[in-house]
Each structure stands twice: as C-alpha cells, then as structure tokens.
Amino acid sequence: MVGFAAFGPRRDGPDEGELYAIYLHPRVWSRGLGRLLHASVLTSLAASWPAAVLWVLATNERAKSFYERAGWSLDGGSRTETIAGGTVSLEELRFRRPLP
C-alpha cells in the first residue's frame, strides 16, 4: 500500500461531504496516483452530496496547490487545532467545491 483516502459526511456543518485525508507516500508523488485517488473520492462523495469541503494546513503549499488545480477554492473558513497537550497549534484553511 502506498496511500489512502478518507471521506464521509461533513463533520462541522451543513449537509455536505468532506474529504478528511488523502495521503500518498512521498516516493510515489508526481506519478498521477494522487489525481486518480482524488477522482475516485469525488465520484464517491458526489453520490451523496452536492458539495464537499476539506481542511489543509495553512503552511502546506504543496497540498493547497494540488487542491486548487483540482477545482477546490478557499471559502474563508479557518481554524486552529491544538495538539500535544496544548503545546502545538496548527492553523488550517477550508476549501470547498461543488461535486460533479
């Protein structure tokens, strides 16, 4: 296995889908596998919802660029997740897109 995706109903809002995660091992980046996995997720999400959201770390330029090329747009949503017993804060940005 070199990657996975997780998705389902939106966890924090209206009746939309959410792409929770896509992960590929770095050794298989830039081979088109992310685009294929993403397309499969969109097909599955579109079977149940008219639109979807996802959250990306504000500092993850590679992921933001990937999702923007795939038709996702920033919608103004942001949040800060605190982990490691409150010692680490992670700023996330929300993207949204209509589903085919």
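Let me start at R10. Its side chain and the side chain of D12 are joined by a polar contact of 2.7 Å. A second polar contact, also listed at 2.7 Å, goes from the R10 side chain to the side chain of E16. Keep in mind that this is a predicted model.

Where is R10? It sits in the loop between β1 and β2. Buried or exposed? R10 is buried, because its relative accessible area is 11% and the cut-off for buried is under 20%. Leave out residues up to four places away in sequence, and R10 touches E16, G17, E18, V53, R94 and R96. Hold on to E18, V53 and R96. They come back in the sheet.

So, the sheet. It is open, it has five strands, and the order is β1-β2-β3-β5-β4. The pairing is mixed. β1 and β4 stand at the edges with a single partner strand each, so one side of each has no neighbour in the sheet. On average, neighbouring strands are turned by 25° against each other, ignoring direction.

Now strand by strand, in sheet order. In general, strands of a sheet pair through backbone hydrogen bonds, either parallel or antiparallel.

β1 and β2 run antiparallel, joined by seven bridges. One of the pairs is F4 with Y23 in β2.

β2 and β3 run parallel, and three bridges join them. Here E18 has V53 in β3 as its bridge partner.

β3 and β5 are antiparallel, over seven bridges. V53 stands opposite R96 in β5.

β4 and β5 are antiparallel as well, over eight bridges. S73 has R96 in β5 as its bridge partner.

Put those together. V53 is the bridge partner of E18, and V53 also stands opposite R96. R96 in turn is the bridge partner of S73. And R10, back in its loop, touches E18, V53 and R96 among others.

Next, one residue of the edge strand β1. F7 lies in that strand, which covers residues 3-9. How accessible is F7? It counts as partly exposed, because its relative accessibility is 35%. Neighbours within four places aside, F7 is in contact with E18, L19, Y20, V41, S44 and L45. F7 and L33 are another matter: 26 residues apart in sequence and 17 Å apart in space, C-alpha to C-alpha.

On to the helices. α1 lies across β1, β2, β3 and β5. It runs at about 160° to β2. α2, residues 61-69, packs on the sheet too and touches β2, β3 and β5. Its direction makes about 160° with that of β3. As for the connection, β2, α1 and β3 make a right-handed β-α-β unit.

How enclosed is β3? Six of its seven residues are buried, so the rest of the structure largely encloses it.

That brings me to the core. The largest nonpolar core has 14 residues. Those with the most contacts inside it are L19, L45, L54, V56, Y67, W72 and L99. Which elements give two or more residues to this core? They are α1, β3 and α2. Take L54 as a case. Not counting residues up to four places away in sequence, L54 touches L19, Y67, W72, L93, R94 and F95. L19, Y67 and W72 are also among the residues with the most contacts inside the core.

Last topic: backbone angles. Most residues other than glycine have a negative phi. Two residues here go the other way.

The first one I'll take is S30. Its phi is near 65°, a positive value in a residue other than glycine. S30 lies in the loop between β2, residues 17-24, and α1, residues 33-46. It is exposed, because its relative accessible area is 71%.

Then A84. Its phi is positive, about 55°, and it is not a glycine either. A84 lies in the loop between β4, residues 73-83, and β5, residues 88-98. That loop belongs to the hairpin of β4 and β5, which has four residues between the strands. A84 counts as exposed, because its relative accessibility is 52% and the cut-off is over 50%.

To close, back to the start: buried R10, with polar contacts from its side chain to D12 and to E16. I'll take questions now.

Notes:
Residues numbered from 1 in each chain as written. Predicted model: local features only at pLDDT ≥ 70, side-chain atom pairs only at ≥ 80, totals over all residues. Heavy atoms only, no water. Buried < 20%, exposed > 50% of the residue type's maximum accessible area, 1.4 Å probe, protein only. Contact = heavy atoms within 4.5 Å. Polar contact = N/O pair within 3.5 Å; in protein donor to acceptor, adjacent residues only side chain to side chain. Pairing = 2+ DSSP bridges. Axes fitted to C-alpha atoms, helices over the stretch in contact; angles between N-to-C directions. Right-handed = clockwise from strand over helix to strand, strands pointing away. Core = buried A, V, L, I, M, F, W, Y, C linked by side-chain atoms within 4.5 Å.
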